[in-house]
Each structure stands twice: as C-alpha cells, then as structure tokens.
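Here are three short exercises to work through with the structure in front of you. Try each task before reading its solution.

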Amino acid sequence: MGTSRLKPLIETEGEVEASAVGMDRVHDLLDQYWRVAGQTLPVLPDPTWQALFNSCVAEIAGNIVRHAYNADQSKGDTMHISLRCFHNHMEAVLIDQGAPYVPVSETRSPDMTKSVDSDALSQGWGLPIARAAGDGLHYARSVDGLNRWCVKKLLPS
Amino acid sequence: MPNRIESSIDARGSDLAIMHLSGRLDFTSAAEVKQAFAEAVANGYRRIVVNLGNVSFIDSSGLSALVSGLRTAREAGGDVRVAAAGQQPSTLFSLTSLDQVFQLYPTVEDGVNGYE
C-alpha cells in the first residue's frame with residue numbers, strides 16, 4: 001500500500017519538529033486539516049471517525065519522536081507530515097530521517113486490558129492502536145535513509 | 001485549552017478525591033499524571049474520580065498512565081473511575097477495551113456518587 005497517486009481533494013502538510021514540543025504542531029496541523037475539510041467536503045465523517053484518524057496520526061508521530069529520534073534530546077530533527085483526503089479515503093504520510101523502525105514479530109491487538117495486571121505490558125500500544133484505528137498502515141525505509149509511514153482510513157460510504 | 005497537562009486534586013472525603021486533568025494527555029505528559037496518582041494515593045486518596053472533561057486528546061501513553069494510576073489505587077484498596085470523557089478519549093477507551101476496566105461516568109458527580 002503506497003501513497004495514492006490521484007490528486008487529493010484536500011492536502012495539509014507541514015514540517016514538524018520531532019520532539020515532545022513538536023507534538024503541539026502535529027495537533028495544530030490536524031485542527032487545520034479538519035477546518036479545511038469542513039469548508040470543502042459536503043459531509044464530514046462523524047466525530048468517532050475523526051477521533052480514530054487523529055489517533056492514528058498522533059500515535060505514529062509520537063512513535064517517530066520517541067523511537068526514530070530521542071525525545072529527550074531535540075537536535076533540530078524534523079518530520080514531514082501530509083494529511084490528505086481523496087474521494088474514498090483519507091491518509092496521512094509521515095516522513096523522517098531518524099533511526100529505522102525495527103518491527104516486532106508480534107502483531108498485537110489494541111486490547112490494553114492486558115496491561116492492567118502487568119507493568120511490563122504498559123508500553124508498545126501506539127502502533128497497535130494506529131493499526132486498529134485505520135484501514136491500512138504501511139512502513140518503508142528508503143535507500144537514502146528516509147522512514148516513511150502511511151496510514152489510510154476509508155471514508156464511510 | 002492548554003496543551004500542557006494540568007492536574008489538581010479536589011478532596012471529597014477522607015479517602016475520596018476528584019483528580020481534574022486539563023490539556024492533552026499523551027506521552028509528553030503521562031509521567032506527570034502517573035506522579036499525580038502516586039501522590040494522591042500517598043496522601044490517602046485511594047478512591048479517585050478522574051475528570052477528563054477538559055482533556056482534549058489522549059494517546060496510548062496517556063491511557064497507560066491511567067492504568068498505572070488504577071493499579072496504584074487498587075494496591076491501596078481503592079479504585080479509579082473516569083468521568084466526563086469527550087469524544088476522542090471515549091473512542092480510545094472503546095478501541096482498547098479499557099471501557100471494560102474503568103467505570104466510565106457521564107459527569108463527575110455521577111462518578112462520585114458511584115462510590116457511595
């Protein structure tokens with residue numbers, strides 16, 4: 001699953017500092033995107049749908065800040081975020097130049113009830129949530145060292 | 001709504017308190033919230049109602065902070081209940097099945113009354 005090649009109906013993008021402080025900008029971009037969507041689309045997806053899409057984007061961005069870079073040591077690292085709407089889906093593409101993502105063999109469901117009885121299971125829920133909240137999550141590392149995350153979510157028919 | 005998390009404790013009895021949270025509860029603020037739970041329980045408030053009415057967004061780390069607080073309260077013989085969660089937090093509680101672990105109340109007063 002790659003990026004859609006069609007021209008998007010809406011596109012909001014920005015370069016975001018890959019740090020804890022930069023998460024403010026991630027949420028600003030999402031707010032900006034939904035403002036434009038509200039002015040452009042005849043009908044917006046319902047608030048639950050929007051909440052799931054926002055959660056996908058924030059979880060992936062948070063994953064980049066914490067794992068591709070060192071969240072405690074901001075060195076001016078950035079990530080590029082594009083939020084796009086097509087006729088049947090929305091997608092977010094996040095690109096960074098940090099450390100490559102190392103996939104875990106286990107593909108967890110986002111059932112966090114397991115974490116209640118075990119502190120050891122308190123972390124690592126971000127990508128399972130992003131995967132479950134969207135309709136497709138793809139990661140690729142380019143030969144020139146770019147990490148590229150793309151999450152798609154189908155619009156309600 | 002501020003993006004930094006702010007927390008405050010509103011005592012409602014010898015061991016019952018409301019924890020008001022305000023802002024975004026995510027990996028940037030989860031440690032502060034875990035610490036707030038630890039301090040509340042250390043001060044004797046083992047029954048806690050978390051007011052999420054002013055929490056604009058919660059992520060997996062934010063949920064983990066609430067689970068950590070729940071564990072701390074339960075170890076002291078108490079509990080944590082959640083009140084006034086907005087659209088995005090409610091959606092995430094449902095997606096992660098944590099709505100089966102936390103008792104969710106529409107209002108803070110409902111949460112307080114739930115203990116009685």
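**Exercise 1.** In this predicted model, find how many residues of chain A are in contact with chain B, and which helices of chain A supply them.

*Solution.* Start with the count: 27 residues of chain A are in contact with 24 residues of chain B. Next, look at where the chain A side comes from: α1 (22-40), α2 (47-68) and α3 (126-133) of chain A each give at least two residues. The largest share, 10 residues, belongs to α2(A). Finally, sort this side of chain A by class: 13 residues are nonpolar, 10 polar and four charged.

**Exercise 2.** Work out how α2(A) is oriented relative to α3(B), and which residues make their contact.

*Solution.* First take the axes: they come within 9 Å and cross at roughly 75°. Angles of 65 to 115 degrees count as roughly perpendicular, so α2(A) is roughly perpendicular to α3(B). Now list the partners. From α2(A) come P47(A), T48(A), A51(A), L52(A), N54(A) and S55(A), while α3(B) brings Q87(B), Q88(B), T91(B) and L92(B). By class, four of these residues are nonpolar, six are polar and none is charged.

**Exercise 3.** Locate F102(B) and decide: is F102(B) buried or exposed?

*Solution.* Begin with the position: F102(B) sits in the loop between α3 (87-95) and β5 (104-105) of chain B. Then count neighbours: F102(B) has 20 other C-beta atoms within 10 Å, and because 20 or more means buried, F102(B) is buried. Leaving out residues up to four places away in sequence, F102(B) touches L70(B), V80(B), R81(B), V82(B) and F93(B). As a last step, find L66(B): its C-alpha atom is 9.3 Å from that of F102(B), with the two residues 36 residues apart along the chain.

Notes: Residues numbered from 1 in each chain as written. Chains lettered and ligands numbered in written order. Predicted model: local features only at pLDDT ≥ 70, side-chain atom pairs only at ≥ 80, totals over all residues. Contact = placed C-beta atoms within 7 Å. Helix = DSSP H or I, 4+ residues; strand = E, 2+ residues; numbered from the N terminus. Nonpolar A, V, L, I, M, F, W, Y, C, P; charged D, E, K, R; others polar. Axes fitted to C-alpha atoms, helices over the stretch in contact; angles between N-to-C directions. Parallel < 35°, antiparallel > 145°, perpendicular 65-115°, else oblique.
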